[in-house]
Amino acid sequence: MHNITESELIKIVATAIDSNTETEKVEFKDARQGIPRELWRPISSFSNSPGGGLIVFGVAQQTGGATKVVGGLDLATLQEKVVSYLREKMKYHGDYTLKVFELDGHTLLALLLCEIPRESKPCYYQDLGMPRGACIRAGNTNRPITEEELRSFLRFSPQYKYDKSIAMDTDPELLSREKIAQYLEKSAKRTGRSFSSALPFEKVLKNLGVIIEQTDKWVATVGGYLTFAKDLPQELEQFSRYIVRCIRYAGSTTSSPIIDQKDVSGTLDLQIDEVHKFILKNISVGAKIVGTKRIEDFEYPIDAIREIVANAIIHRDYMITGTYTQVVVFTDRIEISNPGTLPPGITIDNLKESQFSRNEVIANLMRGLDYMEEFGRGIDLIYARMAEYNLVKPLFKNRSNTFKVTLLGSRFEKLNERQVKVWDYLQEFSQINISTATKLFPKISRATVNNDLKGLVVIGLITPKGASNSTYYEPKY
């Protein structure tokens, strides 16, 4: 788009003006008062849409829909501000050119934008982030991208296909052929195909995303090596931080003594197994009513624990090497924290319905090894099993650099949903007063909310501070 000549530009703009409407490729902005409001919308749209487009400053759409060339631009200032806007406000915008041209006796400015490469999409407005700050062109309008479009864009982003990238200093000989053969045999059985070991080894592994060609040799991918390494993947420096740090505290806070700890290494399937064993070793067993039966069982449902552990290890952001996946067992809860956040477009509210994985190779391989459910189904299983154990539903926290899942133990089972929400709020904001708590539950009376807070004090989860009308509450941990 930015390579068109001035005569071609004038023809495109004049045609749109004569037709009295913006087009799929042209948007008009008045700009006599400076940078137009919501300039980010057409910038994002044209950057994300095939062929790009152009924004023409100095053309106004009048009341009633008439389109008129108005000029009146402070060209030097406007050009400077447009460049600054692109640099400071927009993420991943397309290549651009600013062109000054004459039309109907007025000097106009055009911003010509190219479509960005597939792996860089989507372009978005940084103040709003994704997905709210990303648009796509539909006819002559800029509409917000859908969650499905966002996930489609992200599938080609290097950030969300890191497990397909090269694992340096590896080759197929460092992979366990025995484990791969077992995987292939199991996969063939599941799909009703006959398993043949006659197929070329490299071709099979390439199709699975386990290896990739680099110049004249084959090397393992990150996902392939973490799944099928013959030896401990963490022995290579680049994978040394891919461990799971497990800690068991004697009490309900991190200030209590540590009574057990372990750094779990190994391939991803072995990590899931070992972390699961660590948790089961460190949670209590007792009589429980499950459904209508009284049984001796663990305090938490073991299949829900396993699913959460598997999701943490499979979906962690492996581009982040500065910290670990962490599993912390307290006397009254289990916390599992992962480096990275949920992918854009996926929220705690739509987690059950979302089918997007940050690590497609790892997810597919681990599913084939029977280590994970379909993502949405796995979340449903966790909710269902926690309910069967009469435990509070799991808490999900998506923070700036961490995604955390908390399973609350039997100490919390008498809490109502409002109290759980208050406790969850305090984990993020550290304190709450009655006015703030009431705003969380606009349909609930102040007296009821006040009783909820007192109940949390009685059970020892929060502590009051201040006095009288200035009273506020802080979590005890």
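## Helix H9

Let's start with helix H9, residues 302-315. Helices (H or I, at least four residues) and strands (E, at least two) are DSSP runs, numbered from the N terminus. At 1.5 Å a residue, the 14 residues of H9 should span 20 Å, and the end C-alpha atoms are indeed 20 Å apart, which agrees. The expected span here is 1.5 Å times one less than the number of residues in the helix.

This is a predicted model, in which local features need pLDDT of at least 70 and side-chain atom pairs count only at pLDDT 80 or more, while totals for chains, interfaces and linings use all residues. Residues are numbered from 1 along each chain as its sequence is written, and side-chain values use heavy atoms, with hydrogens and water left out.

## How enclosed is H9?

Of the 14 residues of H9, 11 are buried, so the helix is largely enclosed by the rest of the structure. Buried means under 20% relative accessible area, exposed means over 50%, and partly exposed lies in between (1.4 Å probe, protein chains only). Among the buried residues are Ala-304, Glu-307, Asn-311 and His-315.

## Asp-380 in helix H11

Ala-304 also helps us place Asp-380: their C-alpha atoms are separated by 9.7 Å, although the two residues are 76 apart along the chain. Asp-380 lies in helix H11, residues 375-388. With a relative accessible area of 39%, Asp-380 is partly exposed.

## The largest pocket

Now for some empty space. On a 1 Å grid over the protein atoms alone, a cavity is a set of points where a 1.4 Å probe fits but cannot get out, and a pocket is an open set with protein on both sides within 12 Å along at least five of seven lines; lining residues have an atom within 4 Å of a point. Grid points are joined across faces, edges and corners, and a volume is the space filled by probe spheres set on the points.

The largest pocket holds about 530 Å³ of space. Its lining has 23 residues, and the closest to its centre are Ile-348, Lys-393, Pro-394, Leu-395 and Asp-424. H11, strand E19 (395-398) and helix H12 (417-429) each supply at least two lining residues, and H12 gives the largest share, 7 residues.

## The second largest cavity

The structure holds 2 cavities of 30 Å³ or more, and the second largest has a volume of about 50 Å³. Its lining includes Leu-395, Lys-404, Trp-423 and Asp-424. E19, strand E20 (402-408) and H12 each supply at least two residues of this lining.
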